[in-house]
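Open your viewer and get your selection tool ready. We will go from stop to stop, and at each one you will hear what to select and what is there.

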Amino acid sequence: MENEESQGASRSEELCRRALNRTPGGVHSNVRLAGSREFIRSARGAWLYSVDGRDYVDYLLGQGPNFLGHAPGQVVEAVSDACRNGVIFGGQHELEVRAAELVCEAVGWADMIRFSMTGTEAVQAAFRLARAATGRTKVIRFEGHYHGWLDNVLLANRDGRWGPASNGQLAAHLDDFVLLPWNDLDEVAAALARDGEEIAAVVMEPIMINAGVIEPKPGFLQGVRRLCDDYGIVLIFDEVISGFRLGLDGAAGRYGVTPDLATYGKAIAGGFPVAALVGGEELMDLFGTGEVNHSGTFNSSVMATAAVVASVSSLIDDPPYERVAQHGKELMNGLQDIGAGYGLPLRVVGLPQAFHVSFGDAEVTDYRTLQQLDLARYEDLAGTLIDHGLWVAGRGVWYVSAAHGQKELDAALTRFDKALASWTSR
Ligand code: PMP
């Protein structure tokens with residue numbers, strides 16, 4: 001029953017009030033603290049529908065997982081069919097074998113896979129494996145790359161200094177990481193000349209999508225690969241975002257560089273919570289002998305593996321990659337043109353599958369140069385875009401799905417134009 005206080009309030013406001021009573025910040029992931037407080041009723045294809053009757057063209061895609069669009073029929077049906085016969089067994093089952101075979105074959109270079117629930121866990125499993133295999137402790141990582149929310153990977157830059165991003169985070173857990181600017185091979189070579197014998201792994205997003213959708217410079221990935229070989233270091237590509245989005249073989253395939261281990265998530269399972277660590281047999285089988293522990297009650301559940309089999313099969317049988325790229329290109333050009341029409345220095349760069357929108361014209365190759373753009377100005381615009389029916393992230397990364405077609409393109413550009421008209425006349 002509605003109480004007096006909530007009379008006249010929208011359904012979203014009412015739900016938000018209730019959420020705040022029982023859920024810190026009203027959200028279950030801190031990433032969403034900065035997002036819209038419009039509550040979603042349902043989602044289909046490339047569209048979100050709110051409890052208050054609004055619709056949104058979705059370019060956030062649940063932070064990436066909905067690469068096949070929302071509620072892709074074949075995946076949802078496969079999951080519900082499979083789950084009718086049991087959800088979790090505490091034993092092995094055929095779907096997990098098929099999912100493992102399918103992903104390894106799609107990725108191409110990987111012999112073996114372990115599934116987990118989240119990208120965060122897959123990354124931790126990769127670190128453990130690398131440390132066990134090399135007998136070394138330290139890991140090289142890069143400024144602006146995101147690898148999950150745990151104590152040893154969560155970083156923030158405050159006043160030019162990198163450190164823990166959260167109160168309560170054990171700062172000492174960051175001590176085993178060497179933080180370098182990305183895309184600078186000389187920096188990596190110098191760090192290895194100093195500490196090479198202590199480095200177990202180098203981890204990176206092979207294309208830095210989380211911060212700015214920045215591509216690797218020509219030769220950078222190849223150079224890091226060579227250095228890792230020289231020093232006996234495990235190269236880990238964190239493909240949680242790029243995996244299955246840029247193609248079946250992810251960024252490794254796009255840039256032609258094979259890591260020793262790679263993490264996947266998001267686009268691997270049509271929206272369902274699944275991540276994976278893949279790699280060569282020699283490394284991965286350290287889990288199999290029991291020398292290295294990797295566990296999880298919900299790993300390779302029926303839901304997870306049915307979702308992987310259905311999603312990856314769909315990506316193989318009916319590859320959406322050209323469609324996605326076409327939509328992305330037209331959208332990027334359209335946004336750029338509309339921005340120019342308002343005399344705004346709008347900057348739209350990246351790949352059509354995942355691109356970045358901001359203000360400014362700096363040449364951006366890493367986190368430091370990204371800061372030369374006016375990111376705060378875009379964040380402000382993003383609020384207006386949401387108000388005009390475009391579901392986008394404040395940090396400027398736009399994702400395109402297989403469900404985005406001409407209708408969505410027309411709607412997106414019309415809404416973007418209206419949003420800019422309103423935003424520039426404030
Ligand atoms: N690695 C990368 C590159 C990511 O983008 C993310 C999540 N955005 C993660 C790891 C962590 O994944 P999850 O949120 O599933 O734990």
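A polar contact here is a pair of N or O atoms within 3.5 Å; within protein, one atom must be able to donate a hydrogen and the other to accept it, and residues adjacent in sequence count only if both atoms are side-chain atoms. You are looking at a predicted model, in which local features need pLDDT of at least 70 and side-chain atom pairs count only at pLDDT 80 or more, while totals for chains, interfaces and linings use all residues. Residues are numbered from 1 along each chain as its sequence is written, and side-chain values use heavy atoms, with hydrogens and water left out.

**Stop 1: the ligand**

Select the ligand, then Thr120: an oxygen atom of the ligand is 2.5 Å from an N or O atom in the side chain of Thr120. Next, add Asn210, where a side-chain N or O atom is 2.8 Å from an oxygen atom of the ligand. Now add Lys266; here a nitrogen atom of the ligand is 2.8 Å from an N or O atom in the side chain. How much of the ligand's accessible area does the protein cover? On its own the ligand has 390 Å² of accessible area, and the protein covers 83% of that (Shrake-Rupley method with a 1.4 Å probe).

To see the whole surroundings, select Thr118, Gly119, Thr120, Tyr146, His147, Gly148, Glu205, Asn210, Asp238, Val240, Ile241 and Lys266. A residue is counted as near the ligand if one of its heavy atoms lies within 4 Å of it. Colour this shell by class and you will find three nonpolar, six polar and three charged residues. In this scheme Ala, Val, Leu, Ile, Met, Phe, Trp, Tyr, Cys and Pro are nonpolar, Asp, Glu, Lys and Arg are charged, and the others, Gly among them, are polar.

**Stop 2: a buried glutamate**

Select Glu239, in the loop between strand S10 (234-238) and helix H7 (250-255). Helices (H or I, at least four residues) and strands (E, at least two) are DSSP runs, numbered from the N terminus. Glu239 is buried yet has no salt bridge, and the nearest side chain of opposite charge, Arg245, is 9.2 Å away. Two terms need their cut-offs here. Buried means under 20% relative accessible area, exposed over 50%, and partly exposed in between (1.4 Å probe, protein chains only). A salt bridge is a side-chain nitrogen of Lys or Arg within 4 Å of a carboxyl oxygen of Asp or Glu. For charge, Lys and Arg count as positive and Asp and Glu as negative, with His and the chain ends not counted.

What does the side chain of Glu239 make a polar contact with? Show Ser242: its side chain is the partner, at 2.7 Å. Then show Ala251, whose backbone nitrogen is reached by the Glu239 side chain at 2.6 Å.

**Stop 3: two positive phi angles**

Go to Asn183, in the loop between strand S8 (177-180) and helix H5 (185-195). Its phi is near 75°, a positive value in a residue other than glycine. Asn183 is buried, with a relative accessible area of 4%.

Now jump to Ser300, in the loop between helix H8 (281-288) and helix H9 (302-317). Ser300 is not a glycine either, yet has a positive phi of about 55°. With a relative accessible area of 17%, Ser300 is buried.

**Stop 4: salt bridges**

How many salt bridges does a search of the whole structure find? The search finds ten. Start with Arg84 and Asp81, whose closest N and O atoms are 3.0 Å apart. Arg84 is exposed at 63% relative accessibility, and Asp81 is partly exposed at 44%.

Next, select Glu197 and Arg136, a salt bridge with its closest N and O atoms 3.9 Å apart. Glu197 lies in the loop between H5 and strand S9 (199-204) and Arg136 in the loop between helix H4 (119-134) and strand S5 (138-142), so this pair ties together parts that are 61 residues apart in sequence. Glu197 is exposed at 59%, whereas Arg136 is buried at 17%.

Finish with Asp380 and Arg426, whose side chains meet in a salt bridge (2.6 Å, N to O). Asp380 lies in helix H12 (residues 375-387) and Arg426 in the segment after helix H13 (406-424), so the pair ties together parts 46 residues apart in sequence.
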